[in-house]
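Biologist: I'd love a close look at one part of this fold. Please pick a single region and walk me along it, strand by strand.

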Amino acid sequence: MAIDFTPLFRTGFVRRAKLTDNWQTDSATIQRRVLAGLLKKGAATEYGKKHGFSDILNARDPEEAFARMVPTVEFEDIRESVLRMIRGEKDVLWTGRCRDYAQSSGTSGGKSKFIPVTADSLRHNHYAGGADSVAFYLRLVPESRIFSGKGFILGGSFSNTLGFDHPGVNVGDLSATLINKINPLANLVRIPDKKTALMTDWMEKLPRLVEKAAFANVTNISGVPSWFLTVIKRICEFRSVEKISDVWPNLEVFFHGGISFEPYREEYRRLTDPSKMHFLETYNASEGFFAVQNDLDDHSMLLLADRGIFYEFIPMDGSDPTPVPLRDVKPGKVYELVITSCNGLWRYRLGDTVTVTQTNPVKIRIAGRTKSFINAFGEELMENNAETALAEACKETGGMIRNYTAAPLFASGERKGHHQWLIEWDAPPKDLDNFAEILDRKLRTVNSDYDAKRSHSIFLDRLEVITAQSGLFDKWLKTVGNLKLGGQRKVPRLSNDRHIIDALLALNG
């Protein structure tokens, strides 16, 4: 029987989780301290000198001065600065030289982003967030034996679309940097080995992963739900079993993130042992580790207030586009997230939207992307609406989705405008039209604007669902340079025009 080291580590992790309890009453003070620390370190950089960080630090209200003197930016505003950093310049956006960059999918045009991953961001944010995830889990599950076996971490590689290599600089998936830089002692409690984990060619990597994991004692897994499901099913085939719990009887938790878990939740429940399996969501993007689920019965996540990031929130209700600090957010409202971080991103607009579910402490759910929605007919369909409705439709029909995108199809002839959904299936429903009917009904339930436009089909016809060929989305991602197998791939889910879906339909034949 495997030795269980969990009791040895539990006390330290639970103590770490308890330290976050002061976020209930003191998160505003903590955030002011975080901002001061960032400004102090950033004052010596080119960006800090340009925007007067020293003056901001000495202002009566540094938060107000920061918002007034430093503009919000998107990646295109700082692309040239980041490329200079990659070429070796120091003290540009953050102090010193940065040698690691996370390639993140860019716009639908395929222009990737390269996010600095500094030593400070690894220490104070990414690895700290990972430790928080384990800490919250051990606090929630006292009977856990998570350290009686190994963790299976599924990540990407250092392949990139940059077009040039600079000596000593790594550009690729964030997960590759996290694996590459992790304390070597962690390799004793995780699989696969570092060489396998960083393999570039997934045609070679996938069978190696199966071989490494098929007979291991895995207690926990971490990664993106869609790709981990592919690996799990391959392992089940390799071992000739129906459930992964027959391969890994001690599997107890999946730390998941990158995409919504809802369309995959039922399939994971089917493949695992429900008597011991837990699912914990994390919000760990290329730009930073932002939030962790800290209640198994509440799918919202605790915003990490003291992990090297200062947060601002832009209200999405159209009332006032001025960003507000964490202390001023309101429960129930949707905001665009703006971050200032120890990786040199200053008032950076992520493009992600979150719903604040509570304050003191602040907890959030990911609502979608600022540029991922459909509002062609006044329906204001957001990504979180789509994910919820898809999960319900899959649950009722037995369908299992691998990837999807949706866009408006405007009126022509006698057909009114409607939404067109292109779905690649892991397991298609028996009746595609019935699935479309259920999906349409669920969307009407979760979105009152969509329901109003669908009423009696006066303004909007029922949606249609088209089946995508197997591998279609990967094929399309290759054509736009955004293929990130095993990483946090960002297939645009909802589009307000037809550029993406038309390109996919052309490839679909």
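Modeller: Happy to! Let's start where strand β9 meets strand β10 (residues 301-303): the two pair in the antiparallel sense over two bridges. This is a predicted model, in which local features need pLDDT of at least 70 and side-chain atom pairs count only at pLDDT 80 or more, while totals for chains, interfaces and linings use all residues. Residues are numbered from 1 along each chain as its sequence is written, and side-chain values use heavy atoms, with hydrogens and water left out.

A word on terms: strands (E, at least two residues) and helices (H or I, at least four) are DSSP runs numbered from the N terminus, and two strands count as paired if DSSP finds at least two bridges between them.

A291 is a handy landmark in β9. Its bridge partner in β10 is L303, while Y283 stands opposite A291 as well. Y283 brings us to strand β8 (residues 278-285), which runs antiparallel to β9 and is joined to it by four bridges. A hairpin of two residues links β8 to β9. Five of the five residues of β9 (residues 288-292) are buried, so this strand is largely enclosed by the rest of the structure. Buried here means under 20% relative accessible area, with exposed over 50% and partly exposed in between (1.4 Å probe, protein chains only).

Carrying on past β10, we reach β15, which pairs with β10 in the antiparallel sense over two bridges; there, L302 has K363 as its bridge partner.

Stepping back, these strands belong to an open sheet of twelve, ordered β5-β3-β6-β7-β8-β9-β10-β15-β14-β13-β11-β12, with mixed pairing. Its edge strands are β5 (190-191) and β12 (324-325), each pairing on one side only. Helix α5 (residues 62-69) packs on the sheet, touching β11 (309-315), β12 and β13 (334-341), and its direction makes about 65 degrees with that of β11. Contact means heavy atoms within 4.5 Å, and axes are lines fitted to C-alpha atoms, for helices over the stretch in contact, with angles from 0 to 180 degrees between N-to-C directions.

On the other side of our route, six antiparallel bridges connect strand β14 (residues 348-358) with β15 (residues 363-369). Among the facing residues are T355 with R365 and T353 with G368. These two strands form a hairpin with four residues between them, and N360 in the turn has a positive phi of about 55 degrees.
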